[in-house]
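Subject: Structure for your review

Dear colleague,

Please find below the structure that I promised to pass on. I would be grateful if you could keep it open while reading the notes that come after it.

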Amino acid sequence: MKKTVGILILIAALMLSACGGAAVQPSETVTQTQAVPQTTEPETETTEPETQAAEPEPAEEMETPAAFGSILDAYAQAAREWWNGATLAQNGMNWVAADIFGDNSGENLGYGIMDLDGDGAPELVIGSTERVTDEFYGSLVLELYTLGADGSAVNLLSSTERDRYYSLGANRFAHHGSSSASDSFDTTVALESGSLRDLGYAAEPKDHAPLPLEPIGGLFEEEPALYLPILDEINEMTRVGTTGAFLTAVQAAAKLLDWASATGLDPQEVKEATVLWLQNQGNDAQAEFREKMEQVDEAVRMLMEGGAEDLLASAGCENTGYPWSEYPMAMIQAIMEAVGVRE
């Protein structure tokens, strides 16, 4: 039976060959067309989070609305004249700006007019510039304004010492604050279409990023006036009419003598700066400071007489430049004349 089948297969093969059927060559392969599944990843578009706006336009590329101009004029004057916190508050401005002034008010305080949320309307930012790098004041946003329908400035946020906003770049701000030692909050807000939206998550200080603010000093009409932080220190540390008040005057006198010995300022500059400092105080504050300086002046005279080691020790002032030369007396004379203690 197997032999018969083999003969029949051979005959069929000879018949196909005779009919012109093409024989399949050994080197050829037969492929069957099949749908091959795609193995490449489909293209996807990477989009920024909906709260992330484009980088804001620099201040100089946007026109300054009149409402923003008046605010900038006020802060420029405050920085130029080194207003203290009380004077800032009296003029309806953010008193924390006085802390940002530091050693250079014109460079440390900055401003920016830019479109933070990309809606075509400008915002005004008042805050610390990149020059300020400490954790508390670096990247701090003091004020953020937008424009109302009538062209007026509308405040969107304002920082205080215990309720602060820090830039996170573009349109986002870290909001840190506390009402007590046991009650604090940390969240992130985003500026969208002219209003703030709470994003519900906290940002770390390492995420703070300063906005490209222009130094407010660029708006000064003249060079910023000389400021003497030593006057603030003396005013704060000296007491009158209390037990041990004279010892506080001794401490202030020693600090004043050390400062005057080290400064290279001209006495006339010192006198003018003292007058300007007094102008920023109220009438009652000026009278109180004059009373303090009368005690300080008395302490200065005692310290300059020599043999003052025991007096300095009783006031806790061992680490001073005692004994002082006559050099600092010209600066101290200028201050006392401006205050009205000496003639």
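The notes below begin with the whole chain and then turn to its helices, its internal spaces and a few individual residues.

Please bear in mind that this is a predicted model.

The chain as a whole

The chain has 343 residues, and 41% of them are buried. Its secondary structure consists of eleven helices and nine strands. Among contacts with a separation of 6 or more, 60% are made by residues 24 or more positions apart. The exposed surface of the chain amounts to about 19,500 Å², of which carbon and sulfur atoms supply 50%.

Two helices and what covers them

Helix α9 runs over residues 283-304 and contains 22 residues. From the first C-alpha to the last, α9 reaches 31 Å, close to the 32 Å expected at 1.5 Å a residue. Its buried residues include Phe289, Met293, Val296, Ala299, Val300 and Leu303. Lys292, Gln295 and Asp297 also belong to the buried set of α9. The cover over these buried residues includes α6 (229-237), α7 (245-262) and α8 (267-279), together with α10 (309-314) and α11 (329-339). Just after α9, glycine 306 adopts a positive phi of about 90 degrees.

Helix α7 is one of the elements covering α9, and it has a buried set of its own. With 18 residues, α7 reaches 26 Å from its first C-alpha to its last, close to the 26 Å expected at 1.5 Å a residue. Among the buried residues of α7 are Ala245, Ala249, Ala252, Ala253, Ala254 and Ala260. Thr248, Val250, Leu256 and Leu257 are buried in α7 as well. The cover over the buried residues of α7 includes α6, α9, α10 and α11.

The loop between α10 and α11

Two residues of this loop deserve a note. Alanine 315 is found in the loop between α10 and α11. Is alanine 315 buried or exposed? Because its relative accessible area is 6%, alanine 315 counts as buried, the cut-off being under 20%. Leaving aside residues up to four places away in sequence, alanine 315 touches Leu247, Val250 and Gln251. Its C-alpha atom is separated by 10.0 Å from that of alanine 252, and the two residues are 63 residues apart along the chain.

Proline 323 lies in the loop between α10 and α11 too. A cis peptide bond, with omega about -5 degrees, joins tyrosine 322 to proline 323. For context, most peptide bonds are trans.

Cavity and pocket

How many cavities of 30 Å³ or more does a search of the whole structure find? The search finds one. The largest cavity has a volume of about 30 Å³. Its lining consists of Val125, Ser128, Ser139, Leu140, Val141, Ser167, Pro210, Leu211 and Leu213. Strands β2 (123-128) and β3 (140-147) each supply at least two residues of this lining. By class, six residues of the cavity lining are nonpolar, three are polar and none is charged.

The largest pocket holds about 340 Å³ of space. It is lined by 17 residues, of which Asn84, Gly85, Ala98, Tyr227 and Asp232 are the closest to its centre. Helices α3 (85-90), α4 (97-101) and α6 each supply at least two residues of the pocket lining. The largest share, four residues, comes from α6, a helix that also helps to cover the buried residues of α7 and of α9. By class, the pocket lining has nine nonpolar, five polar and three charged residues.

Backbone angles to look at

Most residues other than glycine have a negative phi. Tryptophan 82, although not a glycine, has a positive phi of about 55 degrees. Tryptophan 82 is found in the loop between α2 (66-80) and α3, and it counts as buried at 9% relative accessibility.

Alanine 170 is also a residue other than glycine with a positive phi, in this case near 50 degrees. The loop that holds alanine 170 connects β5 (163-167) and β6 (172-180). With a relative accessible area of 2%, alanine 170 is buried.

With kind regards

Technical notes
Residues numbered from 1 in each chain as written. Predicted model: local features only at pLDDT ≥ 70, side-chain atom pairs only at ≥ 80, totals over all residues. Heavy atoms only, no water. Buried < 20%, exposed > 50% of the residue type's maximum accessible area, 1.4 Å probe, protein only. Contact = heavy atoms within 4.5 Å. Areas by Shrake-Rupley, 256 points an atom, 1.4 Å probe, with all protein chains shown as cover. Expected span 1.5 Å × (residues − 1). 1 Å grid on protein atoms, 1.4 Å probe; cavity = no way out; pocket = protein on both sides within 12 Å on 5 of 7 lines; lining within 4 Å. Points joined across faces, edges and corners; volume = space filled by probe spheres on them. Nonpolar A, V, L, I, M, F, W, Y, C, P; charged D, E, K, R; others polar.
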